[in-house]
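Thanks for coming, everyone. I'll walk you through one structure today, starting from its helices. Please have a look at it first.

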Amino acid sequence: FALYCPNDVDEGIFFRTLGAEDPTKDPLEVVLKVLGKAETRILIVNYFLTNKRIVDAIIQRKSEVPGLELLVITDKSSAETPYRRSQLNRLAQFTDFGIVLYDPPSIEGTFDPLLHHKMTIVDSDIIMHGSMNFSENIKNLDYIDIKRNPEEILKIINYYKQMLQGNESFVTLGNFAHKYGHRDISYNGYKVGHVVSKLFTFAHK
């Protein structure tokens, strides 16, 4: 397995390999570095957001840049165990933060659909996407593609605005916790409508 990476660590395609590799170019390490440079906003849309190191990086950057805007859209799988909820709950300490979960109604005899996206936007120009779930155990042969493309970011954010608007399958972490009786969650962040409004400002800054 070959590893491709340009000289600029902030942009390129990064693969995890089976053999010896430069740990600074591992997909997870690169994601952590980009999150640690955020100046204005972070939008994460991922099947999971339960990786402690990623949550640590977000909290650390938020402490360094208090005005940093943070929005998370994830699958309900991110809140289905006490450990997973504990990571989301660490982010829920912020009031200027939105955590929205995809929790569609179950249909008997079918598998529940999942929010399987793996997209992160940092500031107004950086897009990260690939195969990597931000889960508690990142061990797969994943890749991450990082590029600067403000025009594409506008299209992506507009898609997520349309996805959330009027869709009752998306609920806040607080509403999810109330529905399923998870008393280990304390959520004071944005409501879904406020997240949509924030996405609008993301697209027009």
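One term before we start: a residue is buried when its relative accessible area is under 20%, and exposed when that area is over 50%. Anything in between is partly exposed. Also keep in mind that this is a predicted model.

Let's begin with helix α5. Which residues of α5 are buried? They are Leu173, Phe176 and Ala177. Seen down the axis of α5, these buried residues fall within an arc of 100°, so they line one face of the helix. Here is the general background. An α-helix has 3.6 residues a turn, so residues three or four places apart point the same way. Now turn α5 around. The face directed away from the buried side carries His178 and Lys179, which are exposed. And what do the buried residues of α5 pack against? Their partners are α3, β4 and β8, the last spanning 170–172.

Just past the helix, the chain reaches Gly181, which follows α5 and has a positive phi, near 70°. Then look at His182, in the loop between α5 and α6. Is His182 buried or exposed? Its relative accessibility is 19%, so His182 counts as buried. Leaving aside neighbours within four places in sequence, His182 touches Ala79, Arg85, Phe176 and Ala177. Two of those names, Phe176 and Ala177, you just met as buried residues of α5.

Next, helix α3, residues 82–91. Its buried residues are Arg84, Arg85, Gln87, Leu88 and Leu91. They cover an arc of only 155° around the axis, which puts them on the same side of α3. That side packs against α2, β4 and α5.

Now the interior. In soluble globular proteins, nonpolar side chains tend to be buried together. Here the largest nonpolar core has 42 residues, and the members touching the most others are Ile54, Ile99, Met128 and Leu173. Helix α1, residues 27–35, gives the most to this core: six residues. Take Ile54. Beyond its neighbours within four places in sequence, Ile54 is in contact with Leu28, Leu32, Leu35, Leu49, Phe134 and Ile138. Apart from this core lies another, of 23 residues, including Val45, Tyr102, Tyr190 and Leu199.

On the surface, there is a nonpolar patch too. Ile13, Phe15 and Tyr143 form it, with about 220 Å² of accessible area together. Ile13 sits in strand β1, and is partly exposed at 31%.

Last topic: charges. The count comes to 16 salt bridges. One of them joins Arg90 and Asp56, at 2.5 Å from N to O. Arg90 lies in α3 and Asp56 in α2, so the pair ties together parts 34 residues apart in sequence. Another joins Asp96 to Lys62, with the closest N and O atoms 2.7 Å apart. Asp96 is in the loop between α3 and β4, and Lys62 is in α2, so this pair also ties together parts that are 34 residues apart in sequence. Asp96 is partly exposed, at 27%, while Lys62 is buried, at 5%.

A third pairs Asp103 with Lys76, at 3.6 Å between the closest N and O atoms. Asp103 is in the loop between β4 and β5, Lys76 in the loop between β3 and α3, 27 residues apart. Asp103 is buried, at 5%, and Lys76 is buried, at 10%. Through shared partners, salt bridges join Lys76, Asp103, Asp112 and Lys179 into one network. Lys179 brings us back to α5, where it is exposed.

How values were computed:
Residues numbered from 1 in each chain as written. Predicted model: local features only at pLDDT ≥ 70, side-chain atom pairs only at ≥ 80, totals over all residues. Heavy atoms only, no water. Buried < 20%, exposed > 50% of the residue type's maximum accessible area, 1.4 Å probe, protein only. Helix = DSSP H or I, 4+ residues; strand = E, 2+ residues; numbered from the N terminus. Arc of directions from axis to C-beta. Contact = heavy atoms within 4.5 Å. Patch = residues over 30% accessible without salt bridge, like charges linked within 9 Å, V, L, I, M, F, W, Y side chains within 5 Å. Areas by Shrake-Rupley, 256 points an atom, 1.4 Å probe, with all protein chains shown as cover. Salt bridge = Lys/Arg side-chain N within 4 Å of Asp/Glu carboxyl O. Core = buried A, V, L, I, M, F, W, Y, C linked by side-chain atoms within 4.5 Å.
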